There are 2 protein chains.
Amino acid sequence: MLKYEESLPLKLLKAREATMNFFRPVLLDISLTEQQWRIIRALAEHKELESKQLADLCCILSPSLTGIISRLEQQGYTQRRRSNEDQRRILISLTEKAETMFKRVTPLLEARYQEITEQYTQENLDLLYELLNKLTQIKPVSEGSKTE
Amino acid sequence: MLKYEESLPLKLLKAREATMNFFRPVLLDISLTEQQWRIIRALAEHKELESKQLADLCCILSPSLTGIISRLEQQGYTQRRRSNEDQRRILISLTEKAETMFKRVTPLLEARYQEITEQYTQENLDLLYELLNKLTQIKPVSEGSKTE
DNA sequence: TAAGGATTCTTCGTATTTGAGCATTAAAAT
DNA sequence: ATTTTAATGCTCAAATACGAAGAATCCTTA
């Protein structure tokens with residue numbers, strides 16, 4: 001029987017916590033939550049995305065996304081419009097204000113990232129990325145355990 | 001500049017999601033949330049724990065723990081008592097009902113774990129554990145970024 | 001072209017996260 | 001024996017997680 005501390009999801013959670021300890025202070029300073037920053041970061045790179053793509057990229061469920069986006073919009077960081085081809089789709093993008101803020105904050109976060117690399121070494125990071133990529137691809141086969 | 005998809009915290013999050021996809025259906029069947037199960041699992045192994053220890057072990061903040069424990073208590077899964085030596089401490093433990101349920105559910109989850117191992121291979125798993133353990137130990141040095 | 005099915009986004013209810021602050025109890029300093 | 005300081009657990013508020021269900025739109029097939 002596997003020990004509690006050996007649980008893989010828990011280990012991943014704790015590892016993530018360890019890394020977030022580097023970034024959290026920065027986000028706290030600019031009054032953005034983790035999820036809000038994930039959205040902004042994804043939009044900064046992809047320019048315009050529909051709601052579902054954003055949800056997949058950022059690992060945020062649709063119901064959560066709705067609220068997050070509307071709050072970001074209230075703060076003047078994002079804007080949205082309906083797609084012309086498909087009226088169901090909502091296209092989301094950053095405002096000028098958000099772009100400016102993004103450029104200002106990025107170096108701070110990259111410095112923290114640098115700090116992680118120094119402590120953990122680049123070799124370990126490379127290896128870890130490879131293993132995580134593989135892990136992310138696994139999928140359960142037996143959809144079962146449904147008692148219907 | 002690092003690409004969005006390369007973010008370490010995000011990668012850890014996605015990897016965790018991938019593994020949780022194996023376990024989630026089981027937890028859904030028994031109507032327990034991830035966090036509730038983490039608590040039960042930790043208590044099953046450590047018998048009796050105080051609130052803070054439980055929070056650290058399960059990676060759950062104290063404010064969250066309060067609610068989770070009281071809901072578990074309502075469902076008859078946990079019980080608590082004050083420590084005799086230190087009246088500040090609350091000691092939490094599982095009920096008979098929880099122990100029974102735990103023994104019944106554990107094999108189901110272990111089967112899923114087995115499935116993960118088969119897809120990912122034991123070698124990768126071992127290596128990943130090692131890297132995650134190292135990563136969990138890193139700590140930010142510059143407490144800074146406080147604008148006071 | 002109307003009915004059925006699928007996709008996208010939203011609303012809803014409950015559970016949890018996260019930072020901040022408060023009350024109680026212990027231990028250390030005066 | 002007080003006062004200070006620290007530790008533990010809790011409350012509060014705003015934001016998010018997550019499963020279920022609803023509304024709008026698009027697609028397919030009869």
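1. The two chains touch broadly in residue terms: 64 residues of chain B are in contact with 64 residues of chain A. The model under discussion is a predicted one, and the remarks below should be read accordingly.

2. The size of an interface is often given as the accessible area lost when the parts come together. For chain B and chain A the buried area is about 6,100 Å², and carbon and sulfur atoms give 65% of this area. On the side of chain B, the residues that lose the most area to chain A are Tyr4(B), Arg41(B) and Ile138(B). Together these three residues supply 12% of what that side buries.

3. The interface was also examined for polar interactions. Between chain B and chain A the rule finds 14 residue pairs in polar contact, with both residues at pLDDT 80 or more. Across this interface of chain B and chain A, however, the rule finds zero salt bridges.

4. Which elements of chain B give two or more residues to the side that touches chain A? They are the helices α1 (8-29), α2, α3, α5 (96-120) and α6 (122-137) of chain B. Of the elements on this side, α1(B) gives the most, with 19 residues. By residue class, the side of chain B that touches chain A divides into 33 nonpolar, 13 polar and 18 charged residues.

5. Turning to the fold of chain B, three strands make up an open sheet in the order β1-β3-β2, with antiparallel pairing. The edge strands of this sheet are β1 (48-50) and β2 (78-82) of chain B, each of which pairs on one side only. Neighbouring strands are turned against each other by 30° on average, direction ignored. β2(B) pairs with strand β3 (residues 90-94) of chain B in the antiparallel sense, over five bridges. Within this part of the sheet, Gln79(B) stands opposite Ser93(B) in β3(B).

6. Two helices of chain B lie across strands of the sheet. Helix α2 (residues 34-46) of chain B lies across β1, β2 and β3 of chain B and runs at about 90° to β3(B). Helix α3 (residues 51-58) of chain B lies across β1 and β3 of chain B, and its direction is at about 95° to β1(B). Both α2 and α3 of chain B are also among the elements that give two or more residues to the side touching chain A.

7. In chain A, an open sheet is formed by three strands in the order β1-β3-β2, again with antiparallel pairing. β1 (48-50) and β2 (78-82) of chain A stand at the edges with a single partner strand each, so one side of each is left without a neighbour in the sheet. From one strand to the next, the twist averages 30°. Five bridges join β2(A) to strand β3 (residues 90-94) of chain A in the antiparallel sense; Arg82(A) has Ile90(A), in β3(A), as its bridge partner.

8. Helix α2 (residues 34-46) of chain A packs on the sheet and touches β1, β2 and β3 of chain A. The direction of this helix makes about 90° with that of β3(A). Helix α3 (residues 51-58) of chain A lies across β1 and β3 of chain A, running at about 95° to β1(A).

9. Over all chains, the count of salt bridges comes to 16 by this rule. One salt bridge is formed by the side chains of Arg16(A) and Glu34(A), at 2.4 Å from N to O. This pair links distant parts of the chain, 18 residues apart: Arg16(A) lies in helix α1 (residues 8-29) of chain A, and Glu34(A) in helix α2 of chain A.

Note on methods: Residues numbered from 1 in each chain as written. Chains lettered and ligands numbered in written order. Predicted model: local features only at pLDDT ≥ 70, side-chain atom pairs only at ≥ 80, totals over all residues. Heavy atoms only, no water. Pairing = 2+ DSSP bridges. Helix = DSSP H or I, 4+ residues; strand = E, 2+ residues; numbered from the N terminus. Axes fitted to C-alpha atoms, helices over the stretch in contact; angles between N-to-C directions. Contact = heavy atoms within 4.5 Å. Buried area = accessible area lost by both parts, 1.4 Å probe. Salt bridge = Lys/Arg side-chain N within 4 Å of Asp/Glu carboxyl O. Polar contact = N/O pair within 3.5 Å; in protein donor to acceptor, adjacent residues only side chain to side chain. Nonpolar A, V, L, I, M, F, W, Y, C, P; charged D, E, K, R; others polar.
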